[in-house]
Amino acid sequence: MSRVYFAGDLHFAHKNIAGFRPNVAGIVINNEEEHRELIIERFNKIITKRDTLYLMGDICFDESFTVHIGRLNGYKKLILGNHDHLNLGIWQQYVANIAAIGRYKKSWISHAPIHPEELRGKINIHGHVHNATIQDARYFNCSLENINYEPIEYSQILARIEQQKEMWKS
């Protein structure tokens, strides 16, 4: 049975990533290569080749590093982020679909959070804000920092949204 996962802000090829993420899920990171290899290892322990992975923007900062996207398991779909300014032809070698914004079931999917008036009864799965999660249960932040540096499955997102509703209603 295939599953659908989400993860944003991988930041492959970000030269200073170790300064922003000196530790990933308790593991000390010294440079971009250690960061990238750890992310790929963590993702591939969870995602199978039959699963779908939505990459929620800010994935890769340099065309020469897109080859590493191909190392990730799963059928990959890219939601473009503000740092994903690469040639679309390069991306198409490693992802099945590229969009600026999309929908999945009853959810909007985007890199940056969308305006509340545009939600129209749906939730918004997004990245971009890293640790600065919006305290509104209509939004789910799938930046790596918010999902323990591993992809999160759609049913887990829905369960966490229900927890957020309880937590933030007071």
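In this predicted model, the side chains of R36 and E37 come together in a salt bridge, with 3.0 Å from N to O. That pair is a handy way into a small group of charged residues.

Let's start with R36. Its relative accessible area is 7%, and since buried means under 20%, R36 counts as buried. E37, its partner, has 27% relative accessibility and so counts as partly exposed.

R36 also has a salt bridge with E32, at 2.8 Å from N to O. Both of these residues sit in helix 2, which covers residues 32-46. They are four residues apart there, or about one turn of the helix. Like R36, E32 is buried.

What about E37 and R71? Their side chains form a salt bridge too, at 2.6 Å from N to O. E37 lies in helix 2, while R71 is in the loop between strand 4 (52-55) and strand 5 (75-79), so this pair ties together parts that are 34 residues apart in sequence. R71 has 34% relative accessibility, so it counts as partly exposed.

Here are the three pairs side by side:

| Salt bridge | N to O distance |
|---|---|
| R36 and E32 | 2.8 Å |
| R36 and E37 | 3.0 Å |
| E37 and R71 | 2.6 Å |

Put the pairs together and you get a network of salt bridges linking E32, R36, E37 and R71. And how many salt bridges are there in the count? It comes to 10.

Terms used: Residues numbered from 1 in each chain as written. Predicted model: local features only at pLDDT ≥ 70, side-chain atom pairs only at ≥ 80, totals over all residues. Heavy atoms only, no water. Salt bridge = Lys/Arg side-chain N within 4 Å of Asp/Glu carboxyl O. Helix = DSSP H or I, 4+ residues; strand = E, 2+ residues; numbered from the N terminus. Buried < 20%, exposed > 50% of the residue type's maximum accessible area, 1.4 Å probe, protein only.
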